[in-house]
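Reader: Hello! I am in my first year and would like a close look at a single part of this structure. Could you walk me through it?

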Amino acid sequence: MKSNVSPIELSDAEKKRLDRVGRRRGRNRPAKVPARLVRTSAFAPKRRGLITDSSFERLYVVRGHSVVRVSGRELGSQHRDALYAVFRLGHKQVVLPDRESPVGFTRYLKVETSWRELLKCMGLTQHANNIAALHFTFEDIKKVVVTIYEGDEAKLLEQYRQGKLPKAKGRMGNMLHDVEWGGLGLDDKVTVFFGEWSANMVMSAKLVSLNADVQFALGSDYAKSFWPYVDSFHKHNWVDEERLAELVGRDLWGAHEDAKTRRDFRSKCRKAFEDMVRAKGLRAWRVEVRGDGRHKSHRYHYEHGLDAQQMDLPLLVDTEGGHTSKVA
């Protein structure tokens with residue numbers, strides 16, 4: 001990209017807000033991510049077998065938090081991690097000439113870094129193979145158009161299933177506008193320009209301070225899908241399995257699920273919470289079985305690893321007759 005770029009300084013209020021988000025829980029270099037990109041199921045809990053067809057389109061709903069349509073290809077865990085790494089780094093606000101814009105320019109956020117720094121941020125080995133993989137990950141992200149809708153989730157989903165364009169306020173755009181690099185060596189410069197959509201999300205939307213050290217230390221793709229949501233609510237200490245299912249794009253009681261698939265899902269949930277403990281995101285967790293009969297549901301209680309003020313979770317006997325356990 002060869003353009004005349006004019007830097008724009010952030011206002012004092014914006015600088016204070018970003019600094020305040022970054023200091024939460026005393027975390028080390030958090031990723032300051034828009035809440036809609038944390039509390040979303042737009043990233044599949046897998047790295048392989050993703051749908052790459054350019055005609056791909058899907059609506060992802062996490063009730064009360066986000067209704068997101070992804071088109072262009074399916075995104076996975078590696079795409080989420082790459083975006084979070086970019087959000088973790090410092091950025092500058094710039095404007096670029098844009099003849100198609102009514103005002104003659106478009107606002108972007110620019111991150112200047114290196115391949116080595118990006119790999120370090122993600123906890124990956126500083127190796128040429130990982131540079132190549134990250135390069136192709138950015139390429140994938142640029143192919144995707146994301147639309148975030150505002151409104152009643154049930155109505156939006158019904159309209160979408162009927163093949164209708166959801167009738168609601170929304171914003172559409174690319175998460176990344178451009179990526180430039182001086183070479184594919186570890187210390188070669190890399191410049192990432194957020195799309196106008198992402199820039200507006202960062203500057204105007206609610207930001208979440210995400211413990212990126214934990215995110216990149218997780219090995220389970222389900223844990224990578226759950227942790228951003230869990231970490232974004234620092235005063236919460238439990239989450240229902242229905243919410244966890246939404247975060248990986250599933251409906252536990254829908255037509256495509258049965259007793260066998262639900263057992264498999266719950267096994268993945270247990271492994272994910274164990275992974276969050278291993279990565280020091282959580283100190284402990286336990287699962288509470290609620291109700292009886294065919295529609296027993298699970299609630300996962302947890303103690304955040306960095307919340308000193310949070311009370312310890314006792315080992316309890318469920319008075320409703322369910323099973324509880326606690327993992328140290």
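Leaving aside its neighbours within four places in sequence, which residues is Arg 73 in contact with?

Author: Happy to help! This is a predicted model, in which local features need pLDDT of at least 70 and side-chain atom pairs count only at pLDDT 80 or more, while totals for chains, interfaces and linings use all residues. Residues are numbered from 1 along each chain as its sequence is written, and side-chain values use heavy atoms, with hydrogens and water left out.

Let's start with the place. Arg 73 sits in the loop between strand 4 (66-71) and helix 2 (77-88); helices (H or I, at least four residues) and strands (E, at least two) are DSSP runs, numbered from the N terminus. With a relative accessible area of 6%, Arg 73 is buried. Buried means under 20% relative accessible area, exposed over 50%, and partly exposed in between (1.4 Å probe, protein chains only).

Now to your question. Beyond the neighbours within four places in sequence, Arg 73 is in contact with Leu 50, Ile 51, Thr 52, Asp 53, Phe 56, His 79, Asp 140 and Val 144, where contact means heavy atoms within 4.5 Å. With one of these, Asp 140, Arg 73 makes a polar contact from side chain to side chain (3.3 Å). A polar contact is a pair of N or O atoms within 3.5 Å; within protein, one must be able to donate a hydrogen and the other to accept it, and residues adjacent in sequence count only if both atoms are side-chain atoms.

For other buried residues, look at Cys 121, with a relative accessible area of 3%, and Cys 269, at 0%.
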